[in-house]
Amino acid sequence: MQPRNMSMSGVVDLAAVKAAQEAKTKAEQARAEAARQGGGGAISPADLVIDVDEAGFERDVLQRSTEVPVVIDFWAEWCEPCKQLSPLLERLTVEYNGRVLLAKIDVDANQMLMQQFGIQGIPAVFAVVAGQALPLFQGAAGEAQIRQTLDQLVQVGEQRFGLTGLAVDPDAVPGGSAPAEASDEPAGPYDALLEAAVQALDSGDLAGAVQAYKNVLADDPGNPEAALGLAQAELLQRVQGLDPAKVRKDAAEKPKDSAAQIAAADLDLVGGHVEDAFGRLIETVARTAGDDRDAVRVRLLELFEVVGADDPRVIAARRALARALF
């Protein structure tokens, strides 16, 4: 997906130099106090990914951000794009070996934090560095883009706040250096193809991911994982290369143009604005007729597949679509 605010180039503009210097001083004082109390020992890689709630936010995020940049992953169980993004963030966090910490926040259980950060849609990813919150991106993103963002975040933490990260004990890796035990459970017939599709998505090879999912569906048309993956990959492929400003301008100026509204709805969904995407297309269905109306209806059904049939927003939108059609 085309994430928003992926670049860290605007970080310097988010705080005045004086505020940054004050934050750096506080970070240095906090690190010195932790060292005096015997803190700062090596941690396990498993401890680089933590679940955080409102009660523990100050301790687990704000205080830890004086030692290491803390990446915050706002997610929810019903969020399908989160299921693609969160595992990727977790893997990269461990790979960065203590240079960043990942805090996972379930928005359903932590509404106050969601409101304080001004979250409009998920997945949404922020960072806290020396107590300062920085927006990173909203919506899913490819591995290459996330790596670039993390590299910039680490650089900001080191150069502006003197954050050197956490010491990680390599011997504490789950399972140590012993070879992994083979699973007694045989791999499914399409596991290799599905894994290839996920890897293609992570690397930004959208065409490869689409083809891999189609290969599964050619033999097993009812495979739910492949159907969902294909819908998501095709959505990413459609928005790739779009000019968001032009798409938004066209949609605003041409409310009855089905193609303009479909493109804008794709961008809405990629940005995590699910209700906006659905509402836009339902309103367009009500304003159009014939082939134009049918094209909008079909795209809306495709977006339902991306979000998931059991999602309450999909259920509500289906009812609204029925009213618009009949």
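# Exercises on a predicted model

Tyr 96 is buried, its relative accessible area being 4%. The exercises below start from this residue and work outward. The model is predicted.

## Exercise 1: The surroundings of Tyr 96

Task: Place Tyr 96 in the fold and state which residues touch it, leaving aside neighbours within four places in sequence.

Solution.
- Step 1. Locate the residue. Tyr 96 sits in the loop between α3 and β3.
- Step 2. Classify its exposure. Buried means under 20% relative accessible area. Tyr 96 has 4%, so it counts as buried.
- Step 3. List the contacts. Beyond four places in sequence, Tyr 96 meets Arg 147, Leu 150, Asp 151 and Val 154.
- Step 4. Check a distant pair. Tyr 96 and Gly 165 are 69 residues apart along the chain, and their C-alpha atoms are separated by 9.9 Å.

## Exercise 2: Two positive phi angles

Task: Give phi, location and exposure class for Asn 97 and Ala 130.

Solution.
- Step 1. Recall the background. Most residues other than glycine have a negative phi.
- Step 2. Take Asn 97. Its phi is positive, near 55 degrees. Asn 97 lies in the loop between α3 and β3 (101-106).
- Step 3. Classify Asn 97. Its relative accessibility is 47%, so Asn 97 counts as partly exposed.
- Step 4. Take Ala 130. Here phi is about 50 degrees, again positive, and the residue is not a glycine. Ala 130 belongs to the loop between β4 and β5 (132-138).
- Step 5. Classify Ala 130. Its relative accessibility is 11%, so Ala 130 counts as buried.

## Exercise 3: Cys 82 and a cis peptide bond

Task: Start at Cys 82, follow its contacts, and describe the peptide bond between Ile 122 and Pro 123.

Solution.
- Step 1. Place Cys 82. The residue lies in helix α3.
- Step 2. Classify it. Cys 82 counts as buried because its relative accessibility is 2%.
- Step 3. Read its contacts. Not counting residues up to four places away in sequence, Cys 82 touches Phe 74, Trp 75, Ala 76, Pro 87, Ile 122 and Pro 123.
- Step 4. Look at two of these partners. Ile 122 and Pro 123 are joined by a cis peptide bond, with omega about 0 degrees. Most peptide bonds are trans. Pro 123 is in the loop between α4 (111-116) and β4 (124-129).
- Step 5. Add a distance. Cys 82 and Gly 139 lie 57 residues apart in sequence, with 8.3 Å from C-alpha to C-alpha.

## Exercise 4: The largest cavity

Task: Describe the volume and lining of the largest cavity.

Solution.
- Step 1. Count the cavities. The whole structure holds three of 30 Å³ or more.
- Step 2. Give the volume. The largest cavity has about 100 Å³.
- Step 3. Name the residues at its centre. There are 13 lining residues, and the closest to the centre are Pro 81, Ile 122, Val 274, Val 307 and Arg 313.
- Step 4. Assign helices. α3 (80-95) and α12 (290-307) each supply at least two lining residues.
- Step 5. Sort by class. The lining has 10 nonpolar, one polar and two charged residues.
- Step 6. Link back. Ile 122 is among the residues closest to the cavity centre, and Ile 122 also touches Cys 82.

## Exercise 5: The whole chain and its confidence

Task: Summarise the chain, then state where pLDDT falls below 50.

Solution.
- Step 1. Count the elements. The chain has 13 helices and five strands.
- Step 2. Give burial. Of its 326 residues, 46% count as buried.
- Step 3. Give the surface. About 16,400 Å² is accessible, and 51% of this belongs to carbon and sulfur atoms.
- Step 4. Assess contact range. Among contacts between residues at least 6 apart in sequence, 74% join residues at least 24 apart.
- Step 5. Give the confidence. Mean pLDDT is 79, and 80% of residues reach 70 or more.
- Step 6. Mark the weak stretches. Residues 1-21 have pLDDT below 50, with 47 contacts beyond near neighbours in sequence. Residues 173-187 also stay under 50, with three contacts beyond four places in sequence.
- Step 7. Draw the consequence. Where pLDDT is low, the predicted coordinates should not be read in detail.

Definitions and conventions:
Residues numbered from 1 in each chain as written. Predicted model: local features only at pLDDT ≥ 70, side-chain atom pairs only at ≥ 80, totals over all residues. Heavy atoms only, no water. pLDDT = per-residue confidence, 0-100. Contact = heavy atoms within 4.5 Å. 1 Å grid on protein atoms, 1.4 Å probe; cavity = no way out; pocket = protein on both sides within 12 Å on 5 of 7 lines; lining within 4 Å. Points joined across faces, edges and corners; volume = space filled by probe spheres on them. Nonpolar A, V, L, I, M, F, W, Y, C, P; charged D, E, K, R; others polar. Buried < 20%, exposed > 50% of the residue type's maximum accessible area, 1.4 Å probe, protein only. Areas by Shrake-Rupley, 256 points an atom, 1.4 Å probe, with all protein chains shown as cover.
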